[in-house]
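Please examine the structure shown here, beginning with its pocket and then turning to the ligand.

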Amino acid sequence: MKFFVDTADIAAIKELHALGMVDGVTTNPSLILKSGRNILEVTKEICDLVEGPVSAEVVATEAKDMIAEGMKLSAIADNIAIKVPLTWAGLTACKAFASEGKMVNVTLCFSAGQALLAAKAGAAFISPFVGRLDDNGIDGCELINDIRTIYDNYDFQTEILAASVRTVNHAIECARIGADVMTAPPAVIKAMANHILTDKGLEQFNKDWAATGQSIL
Ligand code: G3P
């Protein structure tokens, strides 16, 4: 499973990238707000750092305006994936971009029917929001599973990009199901390294090592 990091925080991207943990980056208007940076400047900086796809989201609601915004975002770098919302206007823009060979990430997906439409419109990525479904009492991972089945039934090439991944268990479950990509905040990716038994084991090893009175160096 590819790891995209869901942030516009340059320092956090650099830290994970140094460990080979960043196959791409996703941003959205909320993450741009959080960064306090200009969207064009910070997106360019991210694209210069990361070889893989960098999603930059349009904010217009009409297809023609989304297309104009998407063209501007796309001009930032070759690895831009234009992010459009899963509305009829967004699907219209997706089809227009895909016809020109541009990568599109269709976001705010909450149903398998929406995911099917995005694949038909030529999306490179579909972003189902796992955590936000869970927030509303619906099993988000079940949606990932449904989309996996549907895409495999018809050999759609659209990649399933599990988004709104909030926990380590979300990440594991999405990988088990076979999501092509997950995007998660840096803290969730780093939390995957933690286990209580690792901490306990290390504590015991350190204690026993001290008792040997030895030194490796
Ligand atoms: O990039 C979109 C998505 O990952 C948002 O996650 O936690 O705000 O629902 P969240």
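## The largest pocket and its ligand

In this predicted model, 25 residues line the largest pocket, and those nearest its centre are D6, T7, N28, L31 and P185. The volume of this pocket is about 450 Å³. Two elements, helix 2 (29-35) and strand 5 (104-109), each give two or more residues to the lining. Helix 2 makes the greatest contribution, with four residues. In chemical character, the lining of the largest pocket comprises nine nonpolar, 10 polar and six charged residues.

Where does the ligand sit? The ligand occupies the largest pocket. Around the ligand are D6, N28, K83, F129, R132, A163, S164 and R166. Two of these names, D6 and N28, have already appeared among the residues nearest the centre of the pocket. The shell around the ligand consists of two nonpolar, two polar and four charged residues. The nonpolar members are F129 and A163, the polar members are N28 and S164, and the charged members are D6, K83, R132 and R166.

Which side chains of the shell place a polar atom by an oxygen atom of the ligand, and at what distance? Among them is R132, which has a polar side-chain atom 2.6 Å from a ligand oxygen. For S164, an N or O atom of the side chain is 2.6 Å from an oxygen atom of the ligand. N28 also takes part, with a polar side-chain atom lying 3.2 Å from an oxygen atom of the ligand. N28 thus appears both in the lining of the largest pocket and in the shell around the ligand.

The extent of coverage completes the description. On its own, the ligand has 310 Å² of accessible area, of which the protein covers 83%.

Note on methods:
Residues numbered from 1 in each chain as written. Predicted model: local features only at pLDDT ≥ 70, side-chain atom pairs only at ≥ 80, totals over all residues. Heavy atoms only, no water. Near = heavy atom within 4 Å. Polar contact = N/O pair within 3.5 Å; in protein donor to acceptor, adjacent residues only side chain to side chain. Areas by Shrake-Rupley, 256 points an atom, 1.4 Å probe, with all protein chains shown as cover. 1 Å grid on protein atoms, 1.4 Å probe; cavity = no way out; pocket = protein on both sides within 12 Å on 5 of 7 lines; lining within 4 Å. Sits in = over half its atoms within 2 Å of the grid points. Points joined across faces, edges and corners; volume = space filled by probe spheres on them.
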